[in-house]
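Student: Could you take me through one part of this structure in close detail? I'd like to hear about a strand and its neighbours, and then about the aromatic rings.

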Amino acid sequence: MAARRPIIIDTDPGIDDALAIFLACASPELEIRAVTTVAGNVGINRTTRNASALVALAGKSQIPVFRGAEKPLAGTWSTIEDIHGQNGIGDATIPDGPNGSRGSAVEALIEILSAAQPNSQTVVLLGPQTNLALALEQQPDIVRGIKEIVLMAGSLGPEGGNSSRYAEFNVHVDPKAAHKVLDCGRPMFWAPLEVARQASVDQMWIDLLRATDRPCCNAGADMLEFYMKSFKKPAAALYDPLAVMWLIAPNLFDVTATTLEIETADAERAGQTRFKLGEGDGNIRVAVSCDADRVRTLLLERLAQL
Ligand code: BDR
Ligand code: CA
């Protein structure tokens with residue numbers, strides 16, 4: 001088997017973050033070096049508690065969890081408990097992880113990326129991009145350790161936002177951080193809102209997940225049912241799992257090179273992602289569609305392993 005790809009997951013769990021963490025834990029192609037947390041869907045105490053509990057439920061309590069930024073680089077944001085539940089994971093009850101946080105996320109990013117071979121680490125960003133932006137600001141050299149940045153964020157349509165008319169949540173919460181991360185110049189893969197929505201799951205899929213009767217599947221099913229109710233829709237979009245899916249099954253995506261601008265100046269459009277599809281040198285790539293049936297099937301197969 002090929003060497004496992006070393007990744008750091010930066011996340012704000014979050015129902016869909018939880019599914020993404022489970023998917024990564026269930027994927028032998030990946031070596032999760034650390035999970036770093038950020039405030040976003042809910043506050044930092046919750047996202048950190050959840051990250052530690054989720055890796056433990058997946059049988060991977062040896063993965064270190066590091067507590068990150070409690071607010072964006074500038075301004076304020078609103079948590080979205082109405083969508084993710086008071087506890088951030090759809091009010092599902094799972095036991096606390098045995099380890100909690102091992103320290104600062106920004107320091108962990110700096111330490112891991114500085115010590116790594118050049119061009120070797122994949123950073124997976126599933127929430128506001130504050131931690132990596134802070135790490136890059138404090139220690140610009142760490143960029144050398146990064147092979148690729150893979151993120152669920154942004155929207156293809158200029159007015160296709162979910163957090164504002166113009167902006168997707170992760171970019172909207174901290175546009176300055178997203179801009180800083182984009183500016184670092186490392187190869188990027190973006191999984192945007194529209195593609196994540198293609199890979200939605202419905203009650204029938206959730207029933208199949210629950211039928212496996214595995215602890216992570218039962219918790220995942222509870223969370224997804226909560227998610228569907230929050231959105232008042234008969235299906236729940238698989239936002240963050242798509243970024244992890246790209247790492248294990250890139251053949252399930254249609255991808256194009258793109259250029260990208262992120263709005264940071266105009267308050268109304270803050271966080272808007274302006275992709276010019278088909279342009280650029282391929283350093284930035286974005287998914288434009290996915291094979292939704294195969295994404296759902298592979299996700300189910302993997303989660304059933306936990
Ligand atoms: C993104 O926003 C968050 O609510 C989700 O966890 C996901 O990362 C989707 O816009
Ligand atoms: Ca998230």
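What follows is a walk from one strand to the next and on to the ring pairs.

Tutor: Sure, and keep in mind that this is a predicted model. Let's start with strand β5, residues 146–152, which is mostly covered, with six of its seven residues buried. On one hand there's β4 (residues 121–125), running parallel to β5 and joined to it by five bridges. Leu125 sits opposite Leu151 of β5 in that pairing. To get from β4 to β5, the chain passes through helix α5 (residues 130–138), making a right-handed β-α-β crossover.

β5 also pairs with β6 (residues 188–191), again parallel, this time through four bridges. Here Ile149 faces Met188 in β6.

Now for the rings: there are five aromatic pairs. Take Trp190 and Phe275: their ring centres are 5.7 Å apart and their planes meet at 80°, so this is an edge-to-face pair. That contact ties together distant parts of the chain, since Trp190 belongs to β6 and Phe275 to β10 (residues 273–277), 85 residues apart. Both count as buried, because the cut-off is under 20% relative accessible area: Trp190 comes in at 0% and Phe275 at 11%.

Trp246 and Phe253 are edge-to-face too, so described because their planes are at 80°, with centres 6.0 Å apart. Trp246 is buried at 8% relative accessibility, and Phe253 is buried at 7%. Ring pairs also bring in Phe189, giving a cluster of Phe189, Trp246 and Phe253.

Conventions. Residues numbered from 1 in each chain as written. Chains lettered and ligands numbered in written order. Predicted model: local features only at pLDDT ≥ 70, side-chain atom pairs only at ≥ 80, totals over all residues. Heavy atoms only, no water. Buried < 20%, exposed > 50% of the residue type's maximum accessible area, 1.4 Å probe, protein only. Helix = DSSP H or I, 4+ residues; strand = E, 2+ residues; numbered from the N terminus. Pairing = 2+ DSSP bridges. Right-handed = clockwise from strand over helix to strand, strands pointing away. Phe/Tyr/Trp six-rings, centres within 6.5 Å; stacked < 30°, edge-to-face > 60°.
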